[in-house]
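Q: Please take a close look at the pockets of this model, and describe in connected prose what lines them.

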Amino acid sequence: MIKYKCSICDKVYKRDEVKYLCPDCSKDYKPGIPLKGVLEVVFDYEYIKKNFDKSNFNWNLFSAVEPEYFPKYPVGNTPFFRIDNLGKEIGFENLWLKNDGLNPSGSLKDRASFLVVAEANRIKEKNIVTASTGNAASALAAVCASDNKKAIIFVPESSPKAKLVQMYLYGADVIKVKGTYDDAFRMSLEYTEKNPGLNRNTAYHPLTIEGKKTVGLEIFFQNNFKVPDVILIPVGDGVIISGVYKAFYDLKESGLIEKLPRLVCVQAEKSSAIHNFIQTGIYKNVDNPNTIADSISVSVPSNAYLAKRAVEKSNGFSVTVNDNEILKAQKTLASKTGIFAEPSSSATIAALLKLKDSDLFNKKEQIVLLITGNGLKDIDSVKI
Ligand SMILES: [Zn+2]
């Protein structure tokens with residue numbers, strides 16, 4: 001039986017009692033601050049424990065929407081493999097890569113869009129609204145196209161052209177916002193207040209975290225049911241890192257694992273609100289986030305509180321990298337592994353290169369780089 005629990009006050013809600021945030025804790029919420037009262041899905045962990053079978057892994061045990069509502073759109077099942085060529089060069093014995101840029105629309109965001117569209121099928125909703133830096137929008141547009149839904153998208157006009165082209169071709173209604181992702185986020189919430197339709201904004205709709213969680217479950221499955229020691233994750237809004245945390249949290253609550261992987265929050269130097277929050281304990285918006293890593297460029301990260309918790313509960317840490325380090329890392333990754341990651345994802349390898357000789361990493365441990373977006377979505381940032 002699926003329930004929702006508020007991440008602040010712990011109040012538990014029945015499935016259809018709430019749609020977005022905890023009504024009590026979000027009373028004071030207004031766009032311009034991180035979300036308050038983000039909901040998390042609670043499963044029957046005893047049931048999962050009883051029914052889990054390694055020889056026949058039933059993913060649906062961990063799904064917040066029943067499979068009969070799933071869109072007919074294949075997401076996930078992306079490659080997870082060891083990158084010895086790069087690992088040897090920088091002295092890491094057990095370096096791995098999860099290439100989620102190979103999802104159908106080219107980013108990990110397909111996972112969240114898939115689950116929100118499934119939820120739309122369950123509650124019989126045709127229109128789905130979102131704000132995005134580009135990847136979530138193209139992912140939503142793609143999944144909606146496959147399932148006869150209408151995607152209504154608020155996106156900064158500065159979004160990379162390839163992502164805008166995707167949205168148009170998939171047939172979404174695209175509202176280009178003269179401003180930042182944060183402006184698009186605010187406008188999409190205003191739109192949702194006045195119009196019918198389900199809002200897919202990241203963390204605002206709790207199933208975005210659940211959708212992104214599947215990448216963590218998949219890593220566990222592809223790693224022969226072992227927990228990696230460390231996972232490096234690019235962080236903008238803080239939802240992907242919360243999703244990866246939720247995957248291992250669910251596995252631990254179900255008694256299937258004993259420890260969590262250490263989660264490393266990687267942010268761009270000029271878009272580092274969550275990093276600063278983790279370091280100082282004081283939350284502050286970032287003025288004018290300005291980085292080539294557009295997917296993680298955000299002034300007000302909607303899921304700041306849960307991202308901080310994911311790092312702290314997993315004994316991880318946070319780090320920032322600058323644009324030069326990101327571009328250099330993008331080239332290193334591509335030329336040593338054959339994987340072309342977009343700048344935000346390349347930030348993970350930039351962080352590893354920056355800290356490779358620090359005591360934050362043990363070079364014998366299994367370390368995973370999470371690649372969340374395909375480099376072909378943003379070729380203008382590459383200087384040749
Ligand atoms: Zn609450």
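A: A pocket here is an open set of grid points, on a 1 Å grid over the protein atoms alone, with protein on both sides within 12 Å along at least five of seven lines, and its lining residues have an atom within 4 Å of a point. The model is a predicted one, and in it the second largest pocket is lined by 15 residues, with Pro156, Ser158, Thr291, Asp294 and Ser297 lying nearest its centre. About 320 Å³ of space lies in this second largest pocket, and its lining divides by class into 5 nonpolar, 8 polar and 2 charged residues.

The largest pocket, for its part, has a volume of about 450 Å³. Its lining is made up of 23 residues, of which Trp59, Val75, Phe114, Thr214 and Glu218 lie nearest the centre. Two elements, α3 (109–122) and α7 (207–222), each give two or more residues to that lining, and α7 gives the most, with 8 residues. Sorted by class, the lining of the largest pocket holds 12 nonpolar, 7 polar and 4 charged residues.

As background to the pockets, the packing of the nonpolar residues can be described as well. The largest nonpolar core has 98 residues, and those with the most contacts inside it are Ile231, Ile233, Ile241, Val244 and Phe248. Helix α8 (residues 239–253) gives the most to this core, with 8 residues. Leaving aside neighbours within four places in sequence, Ile231 is in contact with residues that include Ile219, Val244, Phe248 and Leu370. A second, separate core of 31 residues includes Leu333, Ile349, Ala351 and Leu352.

Methods:
Residues are numbered from 1 along each chain as its sequence is written. This is a predicted model: local features need pLDDT of at least 70, side-chain atom pairs count only at pLDDT 80 or more; totals for chains, interfaces and linings use all residues. Side-chain values use heavy atoms; hydrogens and water are left out. A nonpolar core is a set of buried Ala, Val, Leu, Ile, Met, Phe, Trp, Tyr and Cys residues joined through side-chain atoms within 4.5 Å. Buried means under 20% relative accessible area, exposed over 50%, partly exposed in between (1.4 Å probe, protein chains only). Helices (H or I, at least four residues) and strands (E, at least two) are DSSP runs, numbered from the N terminus. Contact means heavy atoms within 4.5 Å. On a 1 Å grid over the protein atoms alone, a cavity is a set of points where a 1.4 Å probe fits but cannot get out, and a pocket is an open set with protein on both sides within 12 Å along at least five of seven lines; lining residues have an atom within 4 Å of a point. Grid points are joined across faces, edges and corners, and a volume is the space filled by probe spheres set on the points. Ala, Val, Leu, Ile, Met, Phe, Trp, Tyr, Cys and Pro count as nonpolar, Asp, Glu, Lys and Arg as charged, and the others, Gly among them, as polar.
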